[in-house]
Amino acid sequence: MTVRIIAGRHRGRRLLTPADSGVRPTPGVVRERLFNWLGGVVAGARVLDLFAGSGALGLEAWSRGAREVVFIEKNPRHRVLLLQNLKACEVPESQLAGKDALHYLQQNAPSFDIVFADPPFDQDWPQRLASCFAACATSEKPCWLYLESSAAEQWQAADIPAGWQTYRHGHCGDAFYTLFSKQ
């Protein structure tokens, strides 16, 4: 599968993608929509890319001026390709953590302005990732959480913590995506 960065200083750069069937890089049309929704929020933001895979979401943010992007990818084979993508986009190698997403969230309490979570489908990840909301900044500025899931795994309104709301949502094929905001 060919994935390219859509905009910013690395526009058009091709990213290496893992060949196994369990990896679904976020399609360009969805990334374009997501970053249009986020608008100018990305420039200068601290971003967390959980289940990074090829790094398409985090690298798109980096290309568009994010101040810092932390990539979390547990699979060693995926990390090899991701490191090559980071190098091609001039991202420091130290920004990649080879940990389980939940372990990272439990062990690290830094605040992020934007969190991208594109976990494997049909493994109950949305419910397991409720701690993502806490990974966003506790400051007065807005925070954003993007989640991709299957139709059966979408967060219900009752699962969203107080102060958060669904900002926008959509679907592409069997992938459903939601952008949550805390204003």
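Is the crossing of α1 and α2 left-handed or right-handed? Keep that in mind while you load the model, which is predicted.

**Stop 1: the helix pair**

Select residues 28-38 for helix α1 and residues 56-63 for helix α2. Look at how they pack. Their axes lie 11 Å apart, at an angle of about 45°. That angle makes α1 oblique to α2, because it falls outside the ranges that count as roughly parallel, antiparallel or perpendicular. The crossing is right-handed.

Now show the side chains at the contact. From α1, pick Arg 31, Leu 34 and Phe 35. From α2, pick Ala 56, Leu 57, Glu 60 and Ala 61. Colour them by class: five are nonpolar, two are charged and no polar residue takes part.

A reminder on helix geometry helps here. An α-helix has 3.6 residues a turn, so residues three or four places apart point the same way.

**Stop 2: helix α2 and its end**

Stay on α2 and colour by accessibility. How many of its eight residues are buried? The count is eight of eight, so the helix is mostly covered. Step through Ala 56, Leu 57, Gly 58 and Leu 59, then Glu 60, Ala 61, Trp 62 and Ser 63; each is buried.

Pause on Ser 63, which is found in α2. Its relative accessibility is 3%, and it counts as buried because that is under the 20% cut-off. Which residues does Ser 63 contact, leaving aside its neighbours within four places in sequence? Select Ile 5, Ala 7, Gly 8, Arg 9, His 10 and Arg 11 to see them.

Move on to Gly 65, just after α2. Check its backbone: Gly 65 takes a positive phi of about 100°.

**Stop 3: the sheet, from one edge**

Hide the helices and show the strands. Seven of them form an open sheet with mixed pairing. Read across in the order β5-β4-β3-β6-β7-β9-β8. Which strands stand at the edges? They are β5 (96-97) and β8 (164-172). Each has a single partner strand, so one side of each is left without a neighbour in the sheet.

Begin at the β5 edge. Select β4, residues 68-72. Strands β4 and β5 pair in the parallel sense, over two bridges. For one of the partner pairs, label Phe 71 and Leu 96; the latter belongs to β5.

**Stop 4: β7, β9 and β8**

Cross to the other end of the order and select β9, residues 175-182. Six of the eight residues in β9 are buried, and the strand is mostly covered.

Add β7, residues 143-149. Strands β7 and β9 run antiparallel and are joined by seven bridges. Label Leu 147 and find its bridge partner in β9, Thr 178.

Now add β8. Strands β8 and β9 also run antiparallel, with eight bridges between them. Here Arg 168 has Leu 179 of β9 as its bridge partner.

Follow the chain round the hairpin of β8 and β9. Two residues lie between the strands. Stop at Gly 173, which takes a positive phi near 65°.

**Stop 5: a loop residue**

Finish at Ala 130. Where is it placed? Look in the loop between α5 (125-128) and α6 (132-135). Ala 130 is partly exposed, with a relative accessible area of 39%.

Draw a distance from the C-alpha atom of Ala 130 to that of Val 115. The two residues are 15 residues apart along the chain, and these atoms are separated by 12 Å.

Methods
Residues numbered from 1 in each chain as written. Predicted model: local features only at pLDDT ≥ 70, side-chain atom pairs only at ≥ 80, totals over all residues. Heavy atoms only, no water. Pairing = 2+ DSSP bridges. Helix = DSSP H or I, 4+ residues; strand = E, 2+ residues; numbered from the N terminus. Axes fitted to C-alpha atoms, helices over the stretch in contact; angles between N-to-C directions. Parallel < 35°, antiparallel > 145°, perpendicular 65-115°, else oblique. Left-handed = near helix turned anticlockwise from the far one by under 90°. Contact = heavy atoms within 4.5 Å. Nonpolar A, V, L, I, M, F, W, Y, C, P; charged D, E, K, R; others polar. Buried < 20%, exposed > 50% of the residue type's maximum accessible area, 1.4 Å probe, protein only.
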